[in-house]
Amino acid sequence: MNEIPYYLQDLNPEQRDAVFHEGKPLLILAGAGSGKTRVVTTKIAYLIREKGVNPRSILAVTFTNKAAREMAERAAAIESAAAGAMLRTFHSFGAWFLRRNGEYAGLSSNFVIYDDDDMVTILGSIIEGKKKNELKLIAKQIARAKDYFFTPESAELSFINHSGEFRKIYAQYEEALRKTGNVDFGDLIKKPVEILRENPGAAERLHSRFRVVMVDEYQDANVAQFELLKAICSPETYLCVVGDDDQSIYRFRGAEVKNILEFPQRFGGADVIRLEKNYRSTAHILDIADSVVRHNAGRLGKKLSAERGTGTKPMLAFLSDQDSEARECAALIDNSVRTKKTSAYSDWAVLYRTNAQSLGFENEFLRRKIPYRIVGSLKFYEREEIKDALALLSFVVNTKDEVSFRRVINKPARGVGAAALERILSERAAADWDIEAACERSGALSATGISVKARAGVNTFIESINRARKILLAVESVKRDNSHCILKAAQGLSCCAAGLIEDSGIAKYHRARDEINGETRVANLQELVNNAALYEATPEGLADFLERIALDRAIEQQEDGEPRVTLITVHNTKGLEFHRVIMTGLEQGLFPRDDKEGDDLEEERRLFYVGATRAMDELYLTSCAYRRMFGQATPMRSSIFLEEADGSKLRIVGTPPYGFNPAALRHSAPKQAAPKETEGQSAAIKRKTSSDGRWQIGDRVFNEDYGYGEITAINEGNEGPVITVCYENGRRQRFLSRAQSSRFMKIKD
DNA sequence: TAGTTTTAAGTTTTT
DNA sequence: CTTAAAACTA
């Protein structure tokens with residue numbers, strides 16, 4: 001080999017092997033930060049440039065839209081022709097396939113995608129007398145069944161829910177869903193597999209289109225996705241999957257780690273390449289992550305080597321409550337950005353286990369004017385007014401859409417009550433399940449059960465839907481007649497969407513709410529309409545718009561170029577990296593969630609591993625003694641992960657909770673319960689006077705209200721050590737050491 | 001029956 | 001503290 005192309009020169013031997021590999025299927029076992037995205041993107045470029053592979057014949061599948069976009073960007077940066085390759089999530093690929101081949105399964109191309117709430121609506125319409133929570137559970141189980149590729153007839157369905165009733169409901173649900181002409185998330189994977197299996201023609205077309213298939217984050221594939229992968233690949237297809245069993249965090253969604261463990265057997269003796277050099281994090285950070293995940297039993301087991309040197313020790317901060325947590329994070333970030341040249345807001349990420357935790361940080365960051373962005377909060381699309389508007393738009397595309405129709409037919413009130421609604425829907429059978437036609441029939445029949453007022457209301461509704469559709473069809477036909485002259489209305493779909501929202505009365509309905517409650521619903525509707533601007537004002541453009549929203553609920557980030565701190569759930573950080581990471585809320589019950597055991601606890605550990613390995617240079621962990629839950633402060637125990645972590649690699653600040661027993665401080669014995677006897681307590685005090693940042697007599701302290709002071713005594717109380725402080729103003733204060741006052745801090749020596 | 005007020009219940013994680 | 005269900009009023 002005389003010359004190696006420049007873009008391959010920086011790869012290590014294993015990475016290069018992975019890029020050059022051809023022939024048999026390939027499994028790349030790639031640890032965190034080992035450059036797997038780089039391998040995949042480089043491989044795409046290499047195949048196009050050096051091997052003459054047609055970009056259109058390459059399919060790369062990821063699990064999140066963010067990852068798909070980033071991969072596309074990075075591949076195109078090496079080889080611009082890579083823009084022709086298809087980079088999608090599994091679900092978005094499924095939707096793409098169904099829009100073209102749906103007729104094999106009786107689906108027309110204008111379907112919309114139902115979310116979990118829509119599933120619940122359908123279930124509510126087919127079963128009586130169940131509470132919403134029960135319906136939610138059933139919806140979840142049906143989604144789970146589809147993840148496992150179970151049909152209502154599958155014997156294995158009892159694995160999800162043992163009752164015969166569930167089987168019946170699942171079957172009824174499928175029937176009701178079919179009548180709407182729409183699909184749920186699970187169908188986006190399941191239906192393509194069924195079509196490909198039953199229609200050799202469709203399979204052959206797909207096989208001849210895609211010669212190279214790559215899958216990122218393969219450890220998160222569920223059974224249905226595995227089946228889809230098998231159906232996409234013919235014996236001639238080159239298949240390459242990348243994954244890391246330690247980063248499997250979607251078990252709750254049916255992800256099966258065995259997919260990756262058994263890949264070589266399932267795909268005819270595949271080759272395996274391991275990437276075990278970590279180029280992202282410093283050694284101390286990796287040690288912390290590894291020392292926790294090592295407690296898992298079910299793993300392949302690997303040791304990443306840190307290529308970036310030792311670095312600084314991660315910091316573990318024990319704080320009093322979530323308000324103090326938000327303040328300390330803000331202060332830490334602010335201070336770092338102000339004093340260090342190398343630190344910018346965009347280097348920082350604040351990680352949390354649940355979306356709800358973002359609120360406290362948002363408020364504090366707003367107050368202190370720290371610029372931030374939130375990744376992946378889907379609250380916007382859960383708002384009532386947004387769902388209403390989307391339901392209207394969905395009904396324009398597909399008039400069989402029962403869920404959307406139910407939602408908006410009587411909003412604003414048009415006199416169409418439950419009775420009239422059911423009367424109309426009962427006409428569907430005679431109208432080929434088209435609700436618009438059913439409305440006409442029930443009107444023409446002058447049937448009983450529908451008042452004059454209701455009939456007029458239905459007409460008004462249908463008319464406004466039709467006006468919107470006419471606009472879309474008009475634009476479409478103009479476009480078809482003058483294909484050379486691209487008609488591009490200034491606002492694209494926005495105009496039509498805004499028209500419908502106004503015309504249907506939904507805008508007025510919510511405007512009234514705004515005036516009464518001082519909300520901003522109309523502004524939200526406006527934002528939704530703005531987002532439609534990028535789409536064509538045609539039926540197809542509208543379907544695209546709705547699909548984007550269903551599959552990628554990430555709100556468009558305003559790209560103003562201002563560096564911002566990232567607020568993000570741990571799940572959402574997969575595939576990302578940051579110079580400085582704060583993992584927050586490391587408390588038992590929150591992270592790990594509840595008192596999880598066994599496989600569930602192992603998944604939470606992997607989640608910790610994913611979060612910690614996002615950090616390149618600095619890692620901070622926070623744990624609060626109290627957290628507000630249901631509006632009131634609840635005492636919290638620190639996360640078990642903090643005790644599993646290698647304490648010798650941590651800088652601990654603040655007061656550890658009573659009985660905190662990190663791995664490095666343990667003499668032997670795997671797990672010691674918190675000391676309960678007097679003897680244990682005195683041992684705890686002894687540690688408190690050690691040098692690791694705990695309280696000891698003589699420590700100088702500062703309190704925002706009382707000023708400077710000094711610790712004069714540490715006594716044993718019923719609930720642990722009690723600290724006594726004398727302030728310079730003569731005031732004395734006593735508090736539990738584990739319940740350190742939020743207005744109280746130790747002064748560094 | 002539609003809309004509001006009172007009371008009870010309950011925080012995963014995502015396509 | 002927010003949301004869903006129940007109870008209540010016009």
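A residue is near a molecule or strand if one of its heavy atoms lies within 4 Å of it. Keep that cut-off in mind for the two DNA strands on this tour. This is a predicted model, in which local features need pLDDT of at least 70, side-chain atom pairs count only at pLDDT 80 or more, and totals for chains, interfaces and linings use all residues. Residues are numbered from 1 along each chain as its sequence is written, chains are lettered from A and ligands numbered from 1 in the order in which they are written, and side-chain values use heavy atoms, with hydrogens and water left out.

**Stop 1: DNA strand C**

Select DNA strand C, then Lys131, Lys132, Phe630 and Gly631, which surround it. Sugar or phosphate accounts for 55% of the strand C atoms within 4 Å of the protein, and bases for the rest. The surface near strand C has 1 nonpolar, 1 polar and 2 charged residues. In these classes, Ala, Val, Leu, Ile, Met, Phe, Trp, Tyr, Cys and Pro count as nonpolar, Asp, Glu, Lys and Arg as charged, and the others, Gly among them, as polar. Zoom in on Lys132: one of its backbone N or O atoms is 3.2 Å from a phosphate oxygen of DNA strand C.

**Stop 2: DNA strand B**

Move to DNA strand B, which is surrounded by 21 residues; the closest are Arg253, Arg353, Thr354, Asn355 and Thr569. The surface near strand B divides into 7 nonpolar, 8 polar and 6 charged residues. Of the strand B atoms within 4 Å of the protein, 52% belong to sugar or phosphate and the rest to bases. At Asn355, a backbone N or O atom lies 2.5 Å from a phosphate oxygen of strand B. Next select two histidines: a polar side-chain atom of His91 lies 3.2 Å from a base oxygen of strand B, and an N or O atom in the side chain of His571 is 3.5 Å from a base oxygen of that strand.

**Stop 3: two helices**

Helices here are DSSP runs (H or I, at least four residues), and strands are E runs of at least two, numbered from the N terminus. Select α3, residues 65–78. Its buried residues (under 20% relative accessible area; exposed is over 50%, partly exposed in between, with a 1.4 Å probe and protein chains only) include Asn65, Ala68, Met71, Ala75 and Ile78. They cover an arc of only 150 degrees around the axis, so they sit on the same side of α3; the arc is that of the directions from the helix axis to the C-beta atoms. Exposed Glu73 and Ala77 are on the face turned away from the buried side of α3.

Now select α17, residues 384–397. Here 13 of the 14 residues are buried, so α17 is largely enclosed by the rest of the structure.

**Stop 4: Tyr381**

Tyr381 is in helix α16 (residues 379–382). It is buried, with a relative accessible area of 2%. Show Arg548 as well: the side chains of Tyr381 and Arg548 are joined by a polar contact of 3.5 Å. A polar contact is a pair of N or O atoms within 3.5 Å; within protein, one must be able to donate a hydrogen and the other to accept it, and residues adjacent in sequence count only if both atoms are side-chain atoms.

**Stop 5: three loops**

Pro592 lies in the loop between β16 (589–590) and β17 (593–594). A cis peptide bond joins Phe591 and Pro592, with omega about 10 degrees.

Glu217, in the loop between β6 (212–215) and α10 (223–232), has a positive phi of about 50 degrees although it is not a glycine. Is Glu217 buried or exposed? At 7% relative accessibility, Glu217 is buried.

Finish at Lys369, in the loop between α15 (358–367) and β13 (372–375). Lys369 is not a glycine, yet has a positive phi of about 60 degrees. At 70% relative accessibility, Lys369 is exposed.

Conventions:
Expected span 1.5 Å × (residues − 1).
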